[in-house]
Amino acid sequence: MSGAVRRAEGPAERREGVLRVGTRGSALAVAQTTAVAEAIARATGLDVELVTITTHGDTSRESLSELGGTGVFATALREALLADECDLLVHSLKDLPTAPAPGLVIGAVPKRADARDTLCARDGLTFDALPGGARIGTGSPRRIAQLKSARPDLEIVDIRGNVDTRLGRVAEGDLDAVVLAAAGLGRLGRLDAVTDYFALSQMPTAPGQGALALEVRAGDEKGRGPIARALHAVDHVTTHAVVTAERAVLAGLQAGCAAPIGATALVDDGLLFLTASVYRPDGSERITASHAATPDSLSAGPLDEAARDVGERVVSELLGAGAAGLAPLGSTR
């Protein structure tokens with residue numbers, strides 16, 4: 001029998017049979033956390049309570065590069081989890097630093113949504129149809145480099161704000177277009193705003209884009225308790241493996257979440273493929289490496305081992321080709 005999902009009013013006290021799930025308070029974060037909570041409730045029969053946590057990244061008006069990368073969204077959530085204010089967290093995986101958080105582990109990765117980037121432009125314009133000098137908004141160093149590489153005639157505008165704010169700037173005529181993740185638009189029911197999709201071969205996205213991570217206190221992922229049951233119910237083995245491979249690129253390059261790096265991994269015909277690119281910030285140059293691994297099977301253990309192996313080989317090739325000197329990579333904070 002399915003459990004119920006509700007939002008907590010004030011502090012969420014620990015209660016028998018209730019799983020407390022921490023989330024940022026943005027519309028997108030609440031939408032994706034609600035979807036995970038509903039899946040857990042259906043699969044386990046547990047009642048699930050959403051606990052909203054405010055982060056510095058939500059209240060600051062600085063750009064992501066000025067804030068120091070998307071890891072700013074994770075700190076307050078993790079502090080709440082360690083303080084037992086919730087039982088698990090739901091993160092956008094691309095926002096989660098690769099450096100291990102003491103006392104915490106990623107316990108599950110649900111099935112990935114569309115990993116592509118999209119263009120949301122005025123008058124239904126596609127990317128190729130944008131006129132020279134068109135103003136296109138994004139706050140991502142990776143997207144800035146990719147856009148400049150593909151269309152150096154465009155004016156790239158550094159922006160912040162939620163999805164509605166960004167789309168509003170196009171509707172008001174301040175910008176000709178913005179670049180947004182397909183997964184986020186889909187979770188908000190806003191795919192009607194998309195005028196073009198960027199192929200992953202053209203614009204590889206941030207490692208883990210489109211995927212979610214469920215983070216718990218170390219040890220809670222084991223055994224048969226309610227938290228472990230919830231994690232097992234929503235974990236998707238293939239997604240878990242491919243995002244592990246993508247994030248291995250960030251970790252191996254000791255790069256921050258906002259570094260100009262794109263990575264795409266997939267499992268096809270029994271092979272795990274990984275391609276990653278590092279961009280010069282002005283888009284004038286990029287270094288790309290691709291490798292494949294053959295897991296012994298498509299079960300969790302061999303897939304994870306293959307993901308780490310292929311990630312290490314891609315990183316080795318990128319570093320050998322000079323990727324460390326191409327762009328400021330930041331840190332894994």
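Strand E13 and strand E14, the latter covering residues 286–293, pair in the antiparallel sense over 8 bridges, and this part of the predicted model is a convenient place to begin. Within this pairing, threonine 275 has serine 290 of E14 as its bridge partner. The hairpin of E13 and E14 has 6 residues between the strands, and there glycine 283 takes a positive phi near 80°.

On the other side of the sequence from this hairpin comes a second pairing, in which strand E12 (residues 261–268) and strand E13 (residues 271–279) run antiparallel and are joined by 8 bridges. Here glycine 262 stands opposite serine 277, a residue of E13. Between the strands of the E12 and E13 hairpin there are 2 residues, and aspartate 269 takes a positive phi near 55° in that hairpin.

From these strands one can turn to the chain as a whole, which contains 10 helices and 14 strands. Because a compact globule of 333 residues would have a radius of gyration near 20 Å, the value of 20 Å found for the chain agrees with that expectation. Along the principal axes, its C-alpha atoms fill a box of roughly 60 × 50 × 35 Å. Of contacts between residues at least 6 apart in sequence, 70% join residues that are at least 24 apart.

As for burial and surface, 52% of the 333 residues count as buried, while the chain exposes about 14,300 Å², of which carbon and sulfur atoms supply 50%. The chain carries 34 positive and 42 negative charges, and the mean positions of these two sets are 1 Å apart.

How values were computed
Residues are numbered from 1 along each chain as its sequence is written. This is a predicted model: local features need pLDDT of at least 70, side-chain atom pairs count only at pLDDT 80 or more; totals for chains, interfaces and linings use all residues. Side-chain values use heavy atoms; hydrogens and water are left out. Two strands pair if DSSP finds at least two bridges between them. Helices (H or I, at least four residues) and strands (E, at least two) are DSSP runs, numbered from the N terminus. The radius of gyration is taken over C-alpha atoms; the globule rule is 2.2 Å times the number of residues to the power 0.38. Buried means under 20% relative accessible area, exposed over 50%, partly exposed in between (1.4 Å probe, protein chains only). Contact means heavy atoms within 4.5 Å. Accessible areas come from the Shrake-Rupley method with a 1.4 Å probe; for residues, only the protein chains shown count as cover. Lys and Arg count as positive and Asp and Glu as negative; His and the chain ends are not counted. The place of a charge is taken as NZ of Lys, CZ of Arg, CG of Asp or CD of Glu.
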